[in-house]
Amino acid sequence: MKGSFRVTMAWLHSMLGLVTGWVLFAIALSGSLSVFRQAITLWMHPERDPPRVDPLEATSRAIDWLAHNASSAPAWYVTSPTAEAPFPTAVWPDAQGTYIQRILDPQTGSPDGLRDTLGGEFFYRFHFELQLPYPWGRLIAAMAALALVVGLVTGIIIHRRIFADFFTFRPKRGLRSWLDAHNILGVAALPFHLMISFTGAVTLGSLLLPWSTQAVYHHDMMASYTDLNPALYSRPASGQPGHLVPIRPLLDEADRHFGGAGIEQVYIFNPSDHAALVTVIAGNDHTVSTTTGVMTFDGTTGQLINAHTETRPVIRLYTFLYGLHVARFAPAVTRWLYFLSGLALAAVIGSGMHLWTLKRLRQQPHMGQRIVCRMNTGILAGTPLAFATYFLANRLLPLTLANRAVHEVQTVFAVWALGITFALFRRPDRAWPELLGGNALACLAIALSGLPWTNVVMRGTAIVALMLGGAFGYAAFRTARRA
Amino acid sequence: MMAAAILCGQCGMLLLAAGSIRGSDIILRRSLSHLLRRSIQTAGMLLLVLSLVLQLRAAQAPVIALITWPGWISIEIVLATLACTVLNDLRGPRR
């Protein structure tokens, strides 16, 4: 009975890995990078070091710029500068309803002179939306997160010698070495892996379990949002033109109200209409939980309409779990540990996928197994190559190119598709070293493109890129020798 | 304080490795009695707890120290494992 239970768990572990491994690998890798999304955004704007400006002043200037340049948009979403990201970010829909996102100069509030790029936001969005339309990307990511929780639990069950082999890594022993690496990386960062997969599933929980919301609110989703955050609401435009009151006094009042938590975001709905609303969302300095305070003002009179500080235990638990996942609270050391643990998770998933193919290739593999083997090569070596290309596209695409940010993202998917196609039509023993070598060169190019490494972000990125490049180069050398 | 906490954690993890059957063979080059292995492992656990206490004392926000500590433990496990691997390679397997 015990044996059959373990066999069943082993089957489930393998099947989950086989079905969700590719997408989980991309999610884990992009998630690790999005820990440093602000730093990546800074790296992708090498034009100038953003000057340190008072966050409220920079936010106020950003809103002034939007008032002159995006007055017809139905809403503006402005993120205030922080210590990690010393620039405001604005998002607004254009006439076609397509959302535009721009980094703004903290001194002028204008995007002029700054290249058009999504920066680290691409990795953050890709991590849970997979560049797919709502709700499909989020749904796939949510199911993958659940599969990861189950995969981790079944992995513990089937790891028969978990304590005996705790500090064991036996190199140069083929399949055994891969299994040791899979086990040690999985066990070492297990608390992080369990936490990040569980909180990831909770974050997207309303997609996995939508029925409770539907049962209570039927199809009135706005009512559910209002209940979740009573001060965060919108109202339709009146059709009568209106003028926004000066924003700075509202920001000062909200800042005082939030008591030192700072301001994270400002939403302005119907900015040119008589029914304008200004919603100010508190920051979360030194607290794990995300947003706990929201204030909404009438945009044309400046009168406070509603203020809400979250105290409900269930919602505070949710914001704690969400905060734990997105790590906005994290100081530098914690951020690095999140990054390393995320890379370890990607390595666990990748080594598991590689183990699956190694085991099958020892026997007489059928066509399906050979295709999976080649796809694994394309995904495991092609995904980091595609992500690395995003950094290089940021430097290589002309600054005046229209829709530059879109082209940067397209480069990622073009290289990814090329990598997978290459792996499908090339013998794996050749494709591995060639793609790994490509990764090494791309990482080296990223390090060099940050020259002259004038600030800590450029230096940090160069060091990480060189270390990853060295690791990829070593792996390419080892696999080429075996080919 | 943080450096002391990390050092305590790494020493604790090496003691845990030395207290395991395979680890004692590699690190101490001899098989230990059950009691001795348990004693070494207990000392290792105590050092890990001490590293947590030191990190909590050094941190401005204890909850963030509690989140960060398992991250350090992960690195310490990997380093202890690599130390065992290197030692085993240098000395050659005992049996």
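## A tour of the aromatic rings in chain A

Start by selecting A:Trp43, A:Phe122, A:Phe123, A:Phe126, A:Phe387, A:Tyr390, A:Phe391, A:Phe413 and A:Trp416, which together make up one aromatic cluster. Keep in mind as you look around that this model is predicted.

Stay with the cluster and show A:Phe122 and A:Phe126. Both belong to helix 4 (residues 121-129) of chain A, where four residues, about one turn of the helix, separate them. Their rings form a tilted pair, with 5.9 Å centre to centre and 35 degrees between the planes. A:Phe122 has 2% relative accessibility, so it counts as buried; A:Phe126, at 3%, counts as buried too.

Next, add A:Arg395 to the view: this arginine lies over the face of A:Trp43, at 3.8 Å from the ring centre. For another arginine over a ring, pick A:Arg37, placed over the face of A:Tyr124 at 3.8 Å from the ring centre.

Now widen the selection to every aromatic pair: over all chains, the structure holds 26. One to zoom in on is A:Phe36 with A:Phe339, an edge-to-face pair because the planes stand at 65 degrees, over the 60-degree cut-off, with ring centres 5.4 Å apart. This pair links distant parts of the chain, 303 residues apart: A:Phe36 sits in the loop between helix 1 (2-34) and helix 2 (37-43) of chain A, and A:Phe339 in helix 13 (residues 332-362) of chain A. Both A:Phe36 and A:Phe339 are buried.

Finally, zoom out and colour chain A by domain: domain 1 (55-119), domain 2 (205-326) and domain 3 (363-483). Taken over C-alpha atoms, the centres of domain 2 and domain 3 of chain A are 40 Å apart.

Note on methods. Residues numbered from 1 in each chain as written. Chains lettered and ligands numbered in written order. Predicted model: local features only at pLDDT ≥ 70, side-chain atom pairs only at ≥ 80, totals over all residues. Heavy atoms only, no water. Domains from an automatic or database assignment. Phe/Tyr/Trp six-rings, centres within 6.5 Å; stacked < 30°, edge-to-face > 60°. Helix = DSSP H or I, 4+ residues; strand = E, 2+ residues; numbered from the N terminus. Buried < 20%, exposed > 50% of the residue type's maximum accessible area, 1.4 Å probe, protein only. Lys NZ or Arg CZ within 6 Å of the ring centre and 35° of its normal.
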